[in-house]
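Please look through the structure below with its two levels in mind, first the surroundings of a single side chain and then the meeting of the chains. The paragraphs that follow take these in turn.

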There are 2 protein chains.
Amino acid sequence: MASRVISNKQVILRRYATAGSSIQESDMLVTTTNITLEAPAEGSNTLVVKTLYLSCDPFLHFIMKNTPGLTGYTFFTPGSPIVGYGVAKVVESGHPEFKKNDLVWGLIPWQEYSLISDPQRLIKIHHTDVPLSYYTGLLGMAGKTAFAGFYEVSNKPKKGDYVFISAASGAVGQLVGQFAKLEGCYVVGSAGSQEKVDLLKNKLGFDEAFNYKEEKDLVAALKRCFPKGIDFYFEQVGGALLDAVLVNMRDHGRIVGCGMISQYNLPQPQGILNLMEVILRRLHLIGFTHRDYDHIYPKFLDFVLPHVRNHNITYVEDIAHGLDNAPAALVGLFSGRNFGKQVVKVADLHDDHDE
Amino acid sequence: MASRVISNKQVILRRYATAGSSIQESDMLVTTTNITLEAPAEGSNTLVVKTLYLSCDPFLHFIMKNTPGLTGYTFFTPGSPIVGYGVAKVVESGHPEFKKNDLVWGLIPWQEYSLISDPQRLIKIHHTDVPLSYYTGLLGMAGKTAFAGFYEVSNKPKKGDYVFISAASGAVGQLVGQFAKLEGCYVVGSAGSQEKVDLLKNKLGFDEAFNYKEEKDLVAALKRCFPKGIDFYFEQVGGALLDAVLVNMRDHGRIVGCGMISQYNLPQPQGILNLMEVILRRLHLIGFTHRDYDHIYPKFLDFVLPHVRNHNITYVEDIAHGLDNAPAALVGLFSGRNFGKQVVKVADLHDDHDE
């Protein structure tokens, strides 16, 4: 490909979103600029990539709100594209380890084409007999999160353990639940609609599920589902649900958390009242991020790919089409509009008119 | 000793204390009854013991308030004596492993003389070159708690780690601080008076200390003491101090807790607002009780006794005299009236007029 100017649609962070309230579509701007696609010089170690899929993830709100004290993330600022996880195809390479048409996943700007100056942060995709979009979720960050949280962060729950998962039909929760079923646990999930509850029970193999929006008394709902208490809670929600879980935990139970989505849009977090239960019940409450578990990714793939191929593990995706629909898809996460993993399809792998 | 009727002073739980408020001296009744001291028959496996020291411990309030859902404790009910940790002397033994004049520590009713039908729950005292009262604290439950919490519950803090201890001049805190100094940590404690702060800094070897009652902004106080953040927080207080700690923790820090004394007298616990920090900073928050660590007691004694004998470890006790003063001593714990470990001396080891 010689140097060529083409149009490049982008999703720009227009302004920092307001702390303590929902991110808004109007915090983002979909715009089209021109980009000069030029083959990177050999030795430049840069790539030009074409975005295929983007992942809508709750963590983006922290960056979009310029949350104080945040460390370890890839930041972006007003005037620049959102940067999140995605799948892309190498269009031109100036890096010896990547060649044209390689597929990669990792942190990618929300635009059709990007110049990547640090491609070592991208992971090459070697298995393409599964849907490519899975590398935004099941085989990407969400999968790594679920695997780390269930198998690595604390002692792995064992056969017969009582496992509760909040946000259970989401990108991570649906996997944690299926891992727990593979290990012989009794698994209950909470979600925000009857349709999601049906998904959990009928398609994803959960033993029980409830719609937290329809339960007047969350403590009672959990007691109904777990008369003997909860051994392992995979925490993604926080707030009142966490408080209800705390008084339903078994002695020595573990709470492993990677998010508290119910709190992200509140002016002030809800106070957690039952934390004394951590002491009385001798609980472990452990926060983690997949970013500390990059080293397990090969092990995770070895584990999960056979299950995906054998259809032992299912993955439900909610795919929005086109960058124009990306802001709404992202905003929808925080009200639970998505049904399964929220993905944005930006381009088809085989739509090669640009090359 | 033949069968003989003698007077037996007791501290009785008069009525359950009111949940959500302070225990009161009037919840207890000091009274004197008669007891028939009779040598237990051989094979009865019971003991008659004479109480020497009693330990005032915060956990007693849970039992005195008939806290719902409590498990694993030795309970007592209105009309019966308080039962807590103490030191006693065997007066008569019908158990092959105990003989007259043996010294023991463990759960003992708050009265001068007791018939103990399950002496296997008592621990024999073999080292008497240290003050006997230490077996209510330093060499008893408090010491085991401090040792378990610092060395066993999570990875032991290492040289140079930043360690914060609340209720630092109390029965457990003063030991955790000294263990942390032995390990080369930087150690800061909080306490509720200038006198206690001076104790921490001048006698117990803490690097820094502050009076939480005098600090307008606990977050700022901790930031002043820990500009680089806290690696290990030994939690005994809860509430606003815990919230302030959460935003001062370093990534991957650990919070190990055995109590939340600031919350025990409140009608409703204070909501903890900053729990999202557990996730953002990837913290471990671990509740524990010494009751799960009985097996470490011999190892703990081997560790601590040489330090006590060499005066590497100091232990500050606040000794009340006589059962008449026991209710006030216990109630005082919850307002921090005690200066160091609160003990009640009931009788002198060598005051043998009863035998």
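A residue is called buried when its relative accessible area is under 20%, and exposed when that value is over 50%. The model shown here is a predicted one, and the values that follow should be read with that in mind.

By this cut-off B:Gln174 counts as buried, because its relative accessible area is 0%. The residue sits in helix 3 of chain B, which spans residues 173–182. Leaving aside residues up to four places away in sequence, B:Gln174 touches B:Ala168, B:Ser169, B:Leu204, B:Phe206, B:Thr314, B:Tyr315, B:Val316, B:Gly340 and B:Lys341. One of these neighbours, B:Val316, also offers a polar partner, since its backbone nitrogen lies 2.8 Å from a polar atom of the B:Gln174 side chain.

In chain A, helix 2 (residues 141–152) gives a picture of burial along an element, with 11 of its 12 residues buried. Among the buried residues are A:Lys144 and A:Thr145, together with aromatic side chains such as those of A:Phe147, A:Phe150 and A:Tyr151. The cover over the buried residues of this helix includes strand 4 (83–93), strand 5 (103–109), strand 11 (230–235) and strand 12 (249–257), and also helix 3 (173–182) and helix 8 (297–309), each of them from chain A.

How much area is buried between chain B and chain A? The figure is about 2600 Å², with carbon and sulfur atoms giving 67% of it. On the side of chain B, the residues that lose the most area to chain A are B:Leu273, B:Ile279 and B:Arg282, which together make up 22% of what that side buries. Counted by contacts, 33 residues of chain B meet 33 residues of chain A.

The polar part of this interface comprises 7 residue pairs in polar contact, both residues being at pLDDT 80 or more, and the count of salt bridges between the two chains is 2. In one salt bridge the side chain of B:Asp292 meets that of A:Arg282, at 2.8 Å from N to O. The elements of chain B that give two or more residues to the side touching chain A are strand 12 (249–257), helix 7 (276–280) and strand 13 (284–287). By class, that side has 19 nonpolar, 10 polar and 4 charged residues.

Strand 13 also links the chains through its backbone pairing: strand 13 of chain A (residues 284–287) and strand 13 of chain B run antiparallel and are joined by 3 bridges. Within this pairing, A:Ile286 has B:His284 as its bridge partner.

Note on methods. Residues numbered from 1 in each chain as written. Chains lettered and ligands numbered in written order. Predicted model: local features only at pLDDT ≥ 70, side-chain atom pairs only at ≥ 80, totals over all residues. Heavy atoms only, no water. Helix = DSSP H or I, 4+ residues; strand = E, 2+ residues; numbered from the N terminus. Buried < 20%, exposed > 50% of the residue type's maximum accessible area, 1.4 Å probe, protein only. Polar contact = N/O pair within 3.5 Å; in protein donor to acceptor, adjacent residues only side chain to side chain. Contact = heavy atoms within 4.5 Å. Buried area = accessible area lost by both parts, 1.4 Å probe. Salt bridge = Lys/Arg side-chain N within 4 Å of Asp/Glu carboxyl O. Nonpolar A, V, L, I, M, F, W, Y, C, P; charged D, E, K, R; others polar. Pairing = 2+ DSSP bridges.
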